[in-house]
Amino acid sequence: MNAELQPPEARAVFYERERRSVHLARTFTCATLAGWSLSGRRDDVLLCVSELATNALLHGVPRGRGYLLRLVRHGGGVLRVEVHDSGSGEVRVPEPSVDAEGGRGLLLVTALSDKWGVEPRSPGKIVWCEFGHRS
């Protein structure tokens, strides 16, 4: 079957609102990428997963809730990373000051991924980024 015509393959895991979930999300992503034999952009993907998971914890997950990390491999070689949260709020790339200790997560996602965006869900939102196949 032509790779372009194959249906996407997805894996997902739900995490509670706790600090260690970022490490767990990276571990899950690393194992998934290895299982799918995707290693060309591994470090970029792992950093973006860390940033999106951290943003969900800090800004998108109300107390008593969690977030869903979903990885989707499309037949054409595109990997999509999605973080589903139940919080309200606008997602934007800030312009951090030189002295700021944070606020650069989405700048990194913008720089490392091929594209990214936000989609509404009820409740909350999905923040996603995509990576094309590179060796």
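Let's start at the surface, with Arg-63: this residue is exposed, with a relative accessible area of 72%. Arg-63 sits in the loop that runs between α2 and β2. Here is something to look for on your screens: Arg-63 and Arg-17 are 46 residues apart along the chain, yet their C-alpha atoms are separated by 7.1 Å. Please keep in mind throughout that we are looking at a predicted model.

Now let's step back to the whole protein. How many helices and strands are there in the protein? There are three helices and five strands. If you walk along the sequence, you meet them in the pattern β-α-α-β-β-α-β-β. The protein has 135 residues, and 36% of them count as buried. Its accessible surface comes to about 7900 Å², and carbon and sulfur atoms hold 51% of that. Arg-63 and Arg-17 gave us one pair of residues separated along the chain, so to speak, and here is the figure for the protein in general: among contacts with a separation of 6 or more, 63% are between residues 24 or more positions apart.

On to the sheet. For anyone new to this, strands of a sheet pair through backbone hydrogen bonds, either parallel or antiparallel. In which order do the five strands stand in the open sheet? The order is β1-β2-β3-β5-β4, and the pairing is antiparallel. At the edges we find β1, residues 9-16, and β4, residues 115-120. Each of these has a single partner strand, so one side of each is left without a neighbour in the sheet. From one strand to the next, the twist averages 15 degrees.

Let's go through some of the pairs. β1 pairs with β2, which covers residues 66-73, in the antiparallel sense over eight bridges. Within this pair, Tyr-15 stands opposite Tyr-67 of β2, and Val-13 stands opposite Leu-69 of β2.

Next, β2 and β3 run antiparallel and are joined by six bridges. Leu-71 has Val-81, in β3, as its bridge partner. The hairpin of β2 and β3 has five residues between the strands, and there Gly-77 takes a positive phi near 95 degrees.

At the other side of our tour, β4 and β5 also run antiparallel, with six bridges joining them. Here Glu-119 stands opposite Ile-126 of β5. The hairpin of β4 and β5 has four residues between the strands, and Gly-124 has a positive phi near 95 degrees. Have a look at Pro-123 too, which is found in the loop between β4 and β5. A cis peptide bond joins Ser-122 to Pro-123, with omega at about -5 degrees.

Now for the helix that I would like you to remember, α2, residues 42-60. Which strands does α2 lie across? It lies across β1, β2, β3 and β5, and it runs at about 10 degrees to β3. α2 has 19 residues and reaches 25 Å from its first C-alpha to its last, close to the 27 Å expected at 1.5 Å a residue.

A number of residues in α2 are buried, including Val-45, Leu-46, Val-49, Leu-52, Ala-53, Ala-56 and Leu-57. A general point helps when you read such a list: an α-helix has 3.6 residues a turn, so residues three or four places apart point the same way. And what do the buried residues of α2 pack against? Their partners are β1, α1, β2, β3, α3 and β5.

Just before α2 there is a small thing to point out. Ser-37 is found in the loop between α1 and α2. Ser-37 has a positive phi of about 55 degrees, although it is not a glycine. Is Ser-37 buried or exposed? It is exposed, with a relative accessible area of 63%.

Last, the cysteines. How many disulfides does a search of the whole structure find? It finds zero. Take Cys-129: the nearest cysteine sulfur, that of Cys-48, is 4.5 Å away, and Cys-129 is in no disulfide. The cut-off explains why: a disulfide needs the two sulfur atoms within 2.5 Å. Cys-129 is buried, with a relative accessible area of 0%, and Cys-48 is one of the buried residues of α2. Cys-30, by contrast, is partly exposed, with a relative accessible area of 25%.

Technical notes:
Residues are numbered from 1 along each chain as its sequence is written. This is a predicted model: local features need pLDDT of at least 70, side-chain atom pairs count only at pLDDT 80 or more; totals for chains, interfaces and linings use all residues. Side-chain values use heavy atoms; hydrogens and water are left out. Buried means under 20% relative accessible area, exposed over 50%, partly exposed in between (1.4 Å probe, protein chains only). Two strands pair if DSSP finds at least two bridges between them. Helices (H or I, at least four residues) and strands (E, at least two) are DSSP runs, numbered from the N terminus. Axes are lines fitted to C-alpha atoms, for helices over the stretch in contact, and angles run from 0 to 180 degrees between N-to-C directions. Contact means heavy atoms within 4.5 Å. The expected span of a helix is 1.5 Å times one less than its number of residues. Accessible areas come from the Shrake-Rupley method with a 1.4 Å probe; for residues, only the protein chains shown count as cover.
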